[in-house]
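I opened this notebook to keep track of what I looked up, one topic after another. The entries begin with the strands and end with the loops.

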Amino acid sequence: MRHWLTYILLSVGICLQAHTWWVGFTDKAGTTGSLDNPSGYLSDRAIQRREKQHIPIDSTDLPVSERYLQAIQDAGCELLFTSRWNNGAVVCFSDMDIVPQLQQLYFVDTVQLTQNDPAPLHQKKKLPPLAPPTIGNSTKEQLQQIGLEQLHNAGFHGQGIRIAIVDNGFYKADQWQAFDKAREQIVFTRDFVSAEDDVYQTGTHGTMVFSTIAGYIADQYQGTATEAEYCLFRTEDDATESIREIDAQVAAFELADSLGADIITTSLGYGTRFDDPAMDITYRMLDGKTMRNSRAATIAARKGMTVCVSMGNEGNNDWHYMLSPADADSILTVGSVTRLGEHSTFSSYGPAADLRTKPDICALGSEAAIISATNGDITYANGTSFSTPIVAGMAACLWSALPELSNMQLIESIVRYASNASSPDDALGYGIPNAWNTYCHYRTGVEDLPLWERLTDIQRIYNLQGQTIDLSFEELPKGLYIIQSGKGCYKIMKP
């Protein structure tokens, strides 16, 4: 049987001179994967994440059918990459006669053009402008604003957490001094855009995003999670704007899952201003269920990962609202605030089309301290692109400090202790989180193991989301639980 990583790498290609298409399948008949042997397509780390959070392996984990892939290649398609979660493949071809051939295949339910070739040079990219240099304390303010400085002082910097960063490349992150420490912790890279497969050749935006998490210059600059591990994925093509980039983003989310990432953060969003206006989405499509990248972000959360997505910088534009996949469910969608904690005027507004509160939380995105990709120096920039990885790094530190939490418990705790939790709105969501307050809540006022000896009439065991757990005490993994007994309900930590 193929090793899981071999399967992933063999299913990725680059097509330079043809139209790009999404081909969706009806089922997975003919998949080489087995629910009984997930090691064929998931790493040990990915399997352990599921086991720790009691998440079963299901059909969405299975690779797409190799039989179907072979059939569409025989029809003249060149395979780029697949999506097991959306059950389909991204392919390229120029001969339009192939379209009706694909539509006639019994297992094909969708054939969608995702990028025209040749694609025009896109002049309206979402990259935020750099703010004027500001006299300040570099990263100190953005750490203090979210209560992270205290957690750092307690020794938690994201140890043991793997973060996947999905962006437009990480230009010169393999050279600048600020990334010397981080380079030793980069465990995987993948370029879904270029045949060269070198994420360090282009993409200044991704470098700046990466720096807010991993950048480190002694006594000058401190990223939010400098002890974490990192996977770097390039999915955004700066020369174009198309749905192909959305499908590349999905492929990166799935690879992050297979690699055992704990956290995914992406500061890429899609909505309007595609090269082909016919591909633009509408507000009604921002329901978390329509766009493939939004569905994938939700599925990633269902697989036990904490997913952080930028709200977008559309607050001053006619569009006004968030971008996809910020509308996904069960994730942390992040907006931007100023140093005073006020809504940044550029930060996009919610709610989602189905009226769910968006953003979920906010962090500093106005004049955030970043490392410049052009010279490696400390500078400042604006955008939810930076508030989002700041939050992702904060989440990594909290999870490192509270490893017993599931991803949804972690998200719930972050939201619960945010500044606007009692009155969420469409600008700030639940407000600015406080990592230290969240940590202190879980490390104080919790009964330890000896209380079990006094609860002789245990009636039910729940997780922190109120779901019943049908396990005995001996079978429970370490973590926090709610215990119902004749004496009442108790929060118990099993070490």
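How many bridges join strand β1 to strand β3, and do they run parallel or antiparallel? I found 6 bridges between β1 (residues 19–25) and β3 (residues 88–93), and the two strands run antiparallel. One of the pairs I wrote down is W21, whose bridge partner in β3 is V91.

Before going on I noted that this is a predicted model, in which local features need pLDDT of at least 70 and side-chain atom pairs count only at pLDDT 80 or more, while totals for chains, interfaces and linings use all residues. Residues are numbered from 1 along each chain as its sequence is written, and side-chain values use heavy atoms, with hydrogens and water left out. The element names follow DSSP runs numbered from the N terminus, with helices (H or I) of at least four residues and strands (E) of at least two.

**Entry: the antiparallel sheet**

I then looked up the sheet that holds these strands, and it is an open one of 4 strands in the order β2-β3-β1-β4, with antiparallel pairing; two strands count as paired if DSSP finds at least two bridges between them. The edge strands are β2 (78–83) and β4, each of which pairs on one side only. Neighbouring strands of this sheet are turned by 25° against each other on average, direction ignored. Helix α9 (residues 243–258) packs on the sheet and touches β1, β2, β3 and β4, where contact means heavy atoms within 4.5 Å. The direction of α9 makes about 55° with that of β2, and for such angles, which run from 0 to 180 degrees between N-to-C directions, the axes are lines fitted to C-alpha atoms, for helices over the stretch in contact.

**Entry: strand β9 and its partners**

Next I turned to β9 (residues 229–234), of whose 6 residues 5 are buried, meaning under 20% relative accessible area; exposed is over 50% and partly exposed lies in between (1.4 Å probe, protein chains only). Strand β5 (residues 162–167) pairs with β9 in the parallel sense over 6 bridges, and there V166 has F233 of β9 as its bridge partner. Strand β6 (residues 186–191) also runs parallel to β9, joined by 5 bridges, and T189 has L232 of β9 as its bridge partner.

**Entry: the nonpolar cores**

Which residues touch the most other members of the largest nonpolar core? In this core of 67 residues they are L151, I163, F210, Y230, L232 and L398; a nonpolar core is a set of buried Ala, Val, Leu, Ile, Met, Phe, Trp, Tyr and Cys residues joined through side-chain atoms within 4.5 Å. Helix α11 (residues 384–401) gives the largest share of this core, 11 residues. A second, separate core has 48 residues, including F233, I246, A248 and I299.

I also checked the surroundings of I163, leaving out residues up to four places away in sequence, and its contacts include I213, A225, Y230, I263 and A396.

**Entry: helix α3**

On α3 (66–74) I found the buried residues to be Y68, L69 and I72. They lie on the same side of α3 because they cover an arc of only 100° around the axis, the arc being that of the directions from the helix axis to the C-beta atoms. At the start of α3, a side-chain oxygen of S65 reaches to within 3.2 Å of the backbone nitrogen of R67. After the helix comes G76, with a positive phi near 115°.

**Entry: loops**

Is T139, in the loop between β4 (108–115) and α5 (140–145), buried or exposed? T139 is buried, with a relative accessible area of 4%, and a polar atom of its side chain lies 3.0 Å from the backbone nitrogen of Q222, which is a polar contact (a pair of N or O atoms within 3.5 Å; within protein, one must be able to donate a hydrogen and the other to accept it, and residues adjacent in sequence count only if both atoms are side-chain atoms).

The loop between β12 (332–337) and β13 (361–364) holds P351, which a cis peptide bond joins to G350, with omega about 0°. P359 lies in that loop too, and K358 and P359 are likewise joined by a cis peptide bond. L355 of this loop has a positive phi of about 75° although it is not a glycine, and at 67% relative accessibility L355 counts as exposed.
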